[in-house]
2 protein chains.
Amino acid sequence: MPTAATPKPPYYAVVFTSQRSEGDRGYASVARRMEELAAGQPGFLGIESARGPDGFGITVSYWTSEEAIAGWKANAEHAAAQEAGRSTWYSSFAIRVARVERAYGSAR
Amino acid sequence: MPTAATPKPPYYAVVFTSQRSEGDRGYASVARRMEELAAGQPGFLGIESARGPDGFGITVSYWTSEEAIAGWKANAEHAAAQEAGRSTWYSSFAIRVARVERAYGSAR
């Protein structure tokens, strides 16, 4: 997954960290579907995701505004996935909503 | 790596995304050392990191203030590692500094 091509700050980030429980149990296909679904939401700017062999993962999605984040959280198909995440896919998770103040980087 | 036990917001997050180039070339040991070093910096609150089999990784470090982030960036040993990252370890990277406004989560 490449680094997301986000605009000049300010914008918003949702940092979602999670520890996967054992077994797929439908996780992989729903995770892919959620990335597609997020990308079609109003105010979506980009998404980045990484998960290590220990099952600990970080997904950061970027949004134009807090309103856009609220809209994504309330999406019905996403809400069903959130419930499956809480009950089945994750042994723990944390969500942090943050305002990106500045950004820089490099590619070679 | 567990989810970082951060305090009640507001606080700051540095979201560092990177694509590793081929070969270790000293990366793993310096990455471990940087996590230790960050943890000893004034204003450090926690760190989370994940890297997938494609070499794309996300590290989020949490800090009390922008001043704490500036202090960490300026740390001499860290500055040397940043230079090696730019020249050798990463084919691309992005750094975003964000103010965490709210946070929630769950463990079971």
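**Exercise 1. Strand β3 of chain B**

Determine whether strand β3 (residues 56–63) of chain B is largely enclosed or open, and explain why.

*Solution.* The model is a predicted one. Step one is the criterion: a residue counts as buried if 20 or more other C-beta atoms lie within 10 Å of its own. Step two applies this to the strand: 7 of the 8 residues of β3(B) are buried, so the strand is largely enclosed by the rest of the structure.

**Exercise 2. The partners of β3(B)**

Identify which strands of chain B pair with β3(B), and in what sense.

*Solution.* Begin with strand β1 (residues 11–20) of chain B, which pairs with β3(B) in the antiparallel sense over 8 bridges. Within β3(B), the residue opposite B:A13 is B:Y62. Next, take strand β2 (residues 44–51) of chain B: β2(B) and β3(B) also run antiparallel, joined by 7 bridges. Here B:S49 has B:T59 as its bridge partner. Finally, consider the hairpin of β2(B) and β3(B), where 4 residues lie between the strands. In this hairpin B:G55 adopts a positive phi near 85 degrees.

**Exercise 3. The contact between the chains**

State how many residues of chain A are in contact with chain B, and which strand of chain A supplies the largest share.

*Solution.* First, the count: 33 residues of chain A contact 33 residues of chain B. Second, the origin of the chain A side: β1 (11–20), β2 (44–51), β3 (56–63) and β4 (90–107) of chain A each contribute at least two residues. Of these strands, β4(A) supplies the largest share, 17 residues. Third, the composition: the side of chain A that touches chain B comprises 16 nonpolar, 8 polar and 9 charged residues.

Notes
Residues numbered from 1 in each chain as written. Chains lettered and ligands numbered in written order. Predicted model: local features only at pLDDT ≥ 70, side-chain atom pairs only at ≥ 80, totals over all residues. Buried ≥ 20, exposed ≤ 12 C-beta atoms within 10 Å, placed from the backbone. Pairing = 2+ DSSP bridges. Contact = placed C-beta atoms within 7 Å. Nonpolar A, V, L, I, M, F, W, Y, C, P; charged D, E, K, R; others polar.
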